[in-house]
Amino acid sequence: MVEERTHKSLWTVSAPARRYPFLQGDLEVDVVVIGGGIAGLTTAYLLKQEGKKVAVVEMHRLLTGQTGQTTAHLTELLDTPYATLASDFGEKGARMAAASTRAAIEQIAGLVDRLRISCGFQRLPGYRYAETEREARELEREATAARQAGLMCALTEEAPLPYPVKLALRVEDQAQFHPREYLLALAEGIQGDGSYVFEETQVTELYEGVPCRVHTPRGVLTCRDVVEATTTPLNRVFLHTKLYAYRTYSVAGRLEGPLEAGLYYDSQDPYHYIRTQRVEGVDYLIVGGEDHKVGSEEDTDRHYEALEEYTRRRFPVTRIEYRWSGQVIEPADGLAYIGRNSNSRHVWVATGFSGTGMTFGTLSGMILTDLIMGRQNPYAALYDATRVKPKAGAKDFIQENAEVAFRFVADRLAKPEAHDLSEVPPGEGRIMEVDGKKVAVFREESGAVHAVSPVCTHVGCYVHWNKGERSWDCPCHGSRFSPTGEVLNGPAVKPLPSKKIR
Ligand SMILES: Cc1cc2nc3c(=O)[nH]c(=O)nc-3n(C[C@H](O)[C@H](O)[C@H](O)COP(=O)(O)OP(=O)(O)OC[C@H]3O[C@@H](n4cnc5c(N)ncnc54)[C@H](O)[C@@H]3O)c2cc1C
Ligand code: FES
């Protein structure tokens, strides 16, 4: 099998994980949690504390999904401005969004303290800053809305950055941590006493009933409740019309001069997000940004180059040692979807976290634990996964779904990218036409060629080559496949079938 090119994150390298077994045979538990990222592990941990027998089922290794690719800012500054939240969810909704995010940060702080997790959890200020007059005017509006929502924040002309800013919104008591160190400790707490963590076990089908049945190639799990904590829910189409997958990039290098620890965000579109992290006594700077829609660009390497250039130009960093990227899932109306799935009694979802999935993932654990235990949760109504808010984000909803429809047709009609195998360079993938049918062809460095169907096994859009990560990415709902067609990211659960070419 051809390996996906891995740009390793700072977290993966600095906190290696133990291996968990794969499922062997059938098993019965109270709750199956699909997905070993922050949402799945937090939910499973909290449910076990309530006395539930849980099984976490992860198709790769724990924390190799988006949680392994994060930059782990813990912030109340959501991707959707508070002014927009107040207009779409009312002032009470905006206040609840702020309060729930605060509650998630305090949940993490509480667990770090109680379990004595050594993960560098640190409270520090966050700064969203403006560099132009126009950005400054927008920031002033946002400052008013954020204060009304309950954030402890103030405008200042001083941000401790090595370049001038026009204005900054300083928010007190934000936080950062090493996400893998924190979550590996939670995983240790899940395993045992009738609860399990399984790796390398892919869920391929899910049947709701009494009990629910969760199918994997290694056995069937039966349970009362199922939590889909898979970044984007498996194979369900309705919810996917409200979710848009974007790719975002990060780089990290040693700081060669001082920089005050803090969470920093510029106001560009897409914005850059910046923080520091100490690893074995060395201070690193992490810079993220360069977001674009999944599958919309082939030369993804250029986003790393742009980010490196941005970093070197602004900060005392000369050598970039780490680069990595991942997907963020944007919700149609600006807030995560957490709760019971549509038409379900016992299937729960947690998705649409945007760029603040550390807090929304934690909040998912808190909300879903309460709901599965049959308790009220103060934030459950706000994040209700079945909600439809036709006005909020209506423009994006129409545009994004029109683009899915466009892709579905246009990519079928598009000219092939190569007509002959000799036009597929080593280490690259191209869509070719063979005997009147399109195939996705990848050539290894050794010259060996692999051909798979380009038709995404979710709902049939055509995949596109992603040069930076060496994967076939689907522009419609963000499924990703290895060069030889194995599923890397859902919602697809089936591989791209291999094709014979002469
Ligand atoms: C570069 C980058 C920077 C970010 N920065 C921040 C930040 O600073 N602050 C912040 O709050 N958020 C940030 N985010 C967002 C945040 O990291 C994510 O929203 C969050 O990690 C998502 O967690 P999750 O548990 O939902 O998903 P994941 O971590 O992706 O976990 C889902 C898991 O489900 C598994 N899975 C999927 N399908 C199946 C199946 N069929 N069977 C079994 N397992 C399956 C996957 O393999 C995966 O491991 C960032 C994201 C990226 C990519
Ligand atoms: S992810 Fe939905 S069609 Fe590919």
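A residue is counted here as near a molecule if one of its heavy atoms lies within 4 Å of that molecule. In this predicted model, 38 residues stand around ligand 1, and those that come nearest are Glu58, Thr67, Thr71, Thr231 and Met358.

Threonine 67 also makes a polar approach through its side chain, an N or O atom of which is 2.5 Å from an oxygen atom of ligand 1. The backbone contributes as well: an N or O atom of the histidine 73 backbone lies 2.8 Å from an oxygen atom of the ligand, while a polar backbone atom of glycine 357 is 3.0 Å from a nitrogen atom of ligand 1. Of the 1,000 Å² that ligand 1 exposes when taken alone, the protein buries 97%. Two or more residues of the surrounding shell come from each of helix H2 (38-49), strand S13 (243-254), strand S17 (320-331) and helix H8 (357-372).

From the ligand we turn to the nonpolar interior. The largest nonpolar core has 84 residues, and Tyr82, Tyr182, Leu335, Leu363 and Tyr383 are those with the most contacts inside it. Helix H3 (residues 82-114) gives the most to this core, supplying 11 residues, and the core draws at least three residues from each of domain 1 (10-70 + 181-241 + 334-392) and domain 2 (73-82 + 117-178 + 243-329).

Leucine 335 serves as an example: when its neighbours within four places in sequence are left aside, leucine 335 is in contact with Leu78, Leu85, Phe89, Ala97, Gly352, Phe360, Leu382, Tyr383 and Arg387. Apart from the largest core lies another, of 21 residues, which includes Tyr129, Ala168, Tyr310 and Phe315.

Conventions: Residues numbered from 1 in each chain as written. Chains lettered and ligands numbered in written order. Predicted model: local features only at pLDDT ≥ 70, side-chain atom pairs only at ≥ 80, totals over all residues. Heavy atoms only, no water. Core = buried A, V, L, I, M, F, W, Y, C linked by side-chain atoms within 4.5 Å. Buried < 20%, exposed > 50% of the residue type's maximum accessible area, 1.4 Å probe, protein only. Helix = DSSP H or I, 4+ residues; strand = E, 2+ residues; numbered from the N terminus. Domains from an automatic or database assignment. Contact = heavy atoms within 4.5 Å. Polar contact = N/O pair within 3.5 Å; in protein donor to acceptor, adjacent residues only side chain to side chain. Areas by Shrake-Rupley, 256 points an atom, 1.4 Å probe, with all protein chains shown as cover.
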